[in-house]
Amino acid sequence: MKCISTVSYAVIGNIFYLSRGLRQGDLLSPFLFLICGEGLSNLMILAQQEENFRGVKASRRGPQISHLLFADDCILFSEATERGADLLKRVLREYRTCSGQQVNFDKSTVFFSSNTKVEDKDLVTHILGMQSSNNLGRYLELPNMVGRRKKEAFQILKNRFRQRIDNWSVRHPSQGGKKFLLRLFSRLYQRTQWHVFYFLKRCALSLKVLSQDSGGRKVMVSGEFIGALEGSYAFRRKKADWGWRLINYPDSLLAQVQLGNLPSLTWRSIWVAKKLLKDGLCWRIRKRDRVSVWNDYWIPNVGINGIENRGNNTEIESVSGLIDTTTRMWKRGLIETTFPEHIAQKMLQIPLIEVEHEDFQVWRGEHSVNDSVCPRCRNTEEDSNHVLRQCPTAIELWQDLNISWVINSNITDLWSWFTCVFDIGSNNQCRIFCCAAWMLWFSRNKLVHEGKTTTRGDLSQRVMNYIVELDRSNERKHTFEHVHQQSQARKETKATIFFDVAFDSKNSKSALGLEVRGEMNDWLSLKTVIHSAISSPFTAEAQAGLQATKLGISMGFQTVTIIGDSKSVIKKCNSAEADKSVLGAIINDIQRYKQFFQECYFRFVSRLENGEAHNIAVEALRTGEKMYLESETFISLQTGGEENGVKDPD
């Protein structure tokens with residue numbers, strides 16, 4: 001630290017003297033402080049080991065805690081004796097000598113436990129040269145100590161809330177204004193107290209009564225302001241972040257601690273996070289021997305209680321018993337005879353990785369207790385029909401766009417409703433309908449995940465602006481032709497493989513089309529594959545990418561570019577990180593097969609540039625037939641001039 005100086009300025013007469021150094025707020029300052037903080041931590045540890053410096057214990061058998069560091073603040077623990085004060089003073093003196101940093105005793109305070117004698121307090125205070133206090137106060141707007149009187153610890157929150165409400169009587173805001181202020185106030189405190197402590201039910205009830213008396217009954221009853229009665233989303237999300245460490249590090253001291261009979265509010269808050277996280281975890285199937293068929297969450301959207309038909313199959317315990325180890329495929333017959341039809345279908349839709357890896361757990365994605373309630377109207381259970389047709393916001397939007405006839409149909413099935421709208425509506429009405437449906441769903445996700453509310457007027461205005469933007473884009477001239485763009489994409493590698501899929505959601509079936517072209521844009525091969533038990537279009541696209549990679553290997557290419565029109569799948573294929581999503585098994589296989597090439601690139605193109613592969617996939621799904629064709633030129637190159645022909649379907 002002696003090599004470091006700060007900036008200084010001096011003026012003597014007409015001469016200015018400047019010196020270089022570190023300014024306040026310099027980017028290097030935090031790193032230097034961390035180095036010094038590490039030195040203080042080591043000094044405290046050495047004092048414990050060599051001089052029997054005593055800290056404090058949370059329990060009789062627990063470890064001693066001598067210091068806690070947070071940013072530029074620290075809390076040092078010691079016994080309230082002359083020896084303990086002398087050792088602490090010596091450590092601080094040695095730290096000052098080594099680092100050059102001095103303790104500001106005017107801003108430092110000594111706190112004593114309730115059973116410390118008065119003469120001991122005076123002695124320790126005199127040795128350290130600090131002021132003493134019985135009030136721990138608050139740090140970062142949080143109570144430093146939450147004892148048995150928890151209501152008093154959070155009384156400041158209630159007082160601030162009451163003060164805000166009392167100010168409304170002077171301003172006379174409207175009902176909408178009160179609702180806005182309540183939401184604003186809730187978000188302010190969800191970033192502080194409610195994120196750290198498990199909020200008390202009686203405190204939540206008292207705040208609810210206050211808000212109802214001030215005209216906020218609708219807000220409180222709908223649950224938009226505070227979810228503390230059953231755990232708000234903000235509380236659950238933040239606690240899950242903390243609890244994740246307990247799950248990932250099961251051998252740590254904190255994870256092994258057990259709660260006693262009368263745990264503190266802080267410990268209860270930590271354990272609520274741990275339980276919340278464990279209840280929300282599910283398994284990603286890789287090696288399969290660690291996952292229990294009956295006692296673990298491993299089937300998407302199916303809980304533990306959803307698997308009830310155990311019957312006489314007592315020999316089936318782990319998921320590995322449901323998988324054929326030679327073919328790496330599900331035992332379809334065993335699954336269909338053991339489990340109900342809807343459960344068996346979901347099991348067969350789980351993709352399996354070709355090479356075994358360790359199973360791991362991920363968050364299932366449950367957001368709140370009332371996930372099924374519409375986030376807009378808060379009155380009805382939410383589904384796709386409600387979002388697009390029944391919600392008051394959706395009804396008003398269709399009326400503003402002058403196509404309210406779309407919600408007058410008695411058709412209950414969503415896809416049949418789409419078909420009916422496209423059959424009846426004109427070309428312009430169908431365009432408005434598609435943009436409005438997308439905007440309704442997009443704004444709904446914004447509200448759920450980011451808390452951003454979009455009014456009816458904003459929705460209709462955005463839809464019309466988007467229509468105008470589409471019209472303008474169609475008027476622009478393309479600077480490059482479609483064929484020229486494809487040739488530019490293929491210049492880097494010897495071959496290019498286009499892939500696309502056609503998906504049948506009702507039958508959970510997909511067909512993929514692969515088109516292989518050479519370096520000179522010459523056609524080399526076509527292939528179609530039919531897949532069953534496919535859960536989503538994303539899974540079908542990922543399977544197509546895997547088949548394209550395998551096709552490039554079987555055709556003997558050393559460098560290849562694989563092109564598709566699913567941006568999400570392309571990004572995952574290009575990533576070097578292990579994928580933990582539902583598509584993880586397929587993506588990991590793709591990443592493993594990429595190592596067989598000298599160069600392998602995945603590129604995204606629009607649907608227009610991928611039309612040939614798309615047409616092949618649609619035709620394969622319609623006919624239900626798979627095929628594999630190779631050009632005569634490619635066959636002659638592979639066989640060295642042997643008789644040309646077409647391969648049999650595999």
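**Exercise 1. How many of the 650 residues of the chain, as a percentage, count as buried?**

Solution. Before counting, note that this is a predicted model, where local features need pLDDT of at least 70, side-chain atom pairs count only at pLDDT 80 or more, and totals for chains, interfaces and linings use all residues. Numbering starts from 1 along each chain as its sequence is written, and side-chain values use heavy atoms, with hydrogens and water left out.
- Set the cut-offs: buried is under 20% relative accessible area, exposed is over 50%, and partly exposed is in between (1.4 Å probe, protein chains only).
- Read off the result: 38% of the 650 residues count as buried.

**Exercise 2. Place serine 41 and phenylalanine 433: which helix holds each one, and what does each touch?**

Solution. Helices here are DSSP runs of H or I with at least four residues, strands are E runs of at least two, and both are numbered from the N terminus. Contact means heavy atoms within 4.5 Å.
- Serine 41 belongs to helix α1 (residues 29-50).
- Its relative accessibility is 13%, so serine 41 counts as buried.
- Skip residues up to four places away in sequence, and serine 41 touches His67 and Leu69.
- Phenylalanine 433 sits in helix α18 (residues 427-450), and is buried with a relative accessible area of 2%.
- With the same sequence neighbours left out, phenylalanine 433 touches Trp398, Ile403, Val406, Trp417, Phe418, Val421 and Phe422.
- Try leucine 401 too: 32 residues separate it from phenylalanine 433 in sequence, and the C-alpha to C-alpha gap is 8.8 Å.

**Exercise 3. Which residues touch the most other members of the largest nonpolar core?**

Solution. A nonpolar core is a set of buried Ala, Val, Leu, Ile, Met, Phe, Trp, Tyr and Cys residues joined through side-chain atoms within 4.5 Å.
- The largest such core has 32 residues, and the ones touching the most other members are Phe499, Val516, Met555, Ile562, Ile590 and Phe602.
- Elements giving two or more residues include β15 (495-504), β16 (509-518), α21 (537-554) and α23 (584-593).
- α21 gives the largest share, six residues.
- Now pick phenylalanine 499: beyond neighbours within four places in sequence, its contacts include Leu514, Ala544, Ala548, Ile562 and Ile570.

**Exercise 4. In what order do the six strands of the open sheet come?**

Solution. Two strands pair if DSSP finds at least two bridges between them.
- The order is β19-β18-β15-β16-β17-β20, with mixed pairing.
- β19 and β20 (627-630) are the edge strands; each has a single partner, so one side of each lacks a neighbour in the sheet.
- On average, neighbouring strands are turned by 15° against each other, direction ignored.
- Zoom in on β15 and β18: they run parallel and are joined by four bridges.
- Phenylalanine 498 stands opposite isoleucine 563 in β18.

**Exercise 5. At what angle do the axes of α21 and α23 cross?**

Solution. Axes are lines fitted to C-alpha atoms, for helices over the stretch in contact, and angles run from 0 to 180 degrees between N-to-C directions.
- The two axes come within 9 Å and cross at roughly 20°.
- Angles under 35 degrees count as roughly parallel, over 145 as roughly antiparallel, 65 to 115 as roughly perpendicular and the rest as oblique; so α21 is roughly parallel to α23.
- α21 residues meeting α23 include Ala542, Leu546 and Ile553, and their counterparts in α23 include Ile586, Ile590 and Tyr593.
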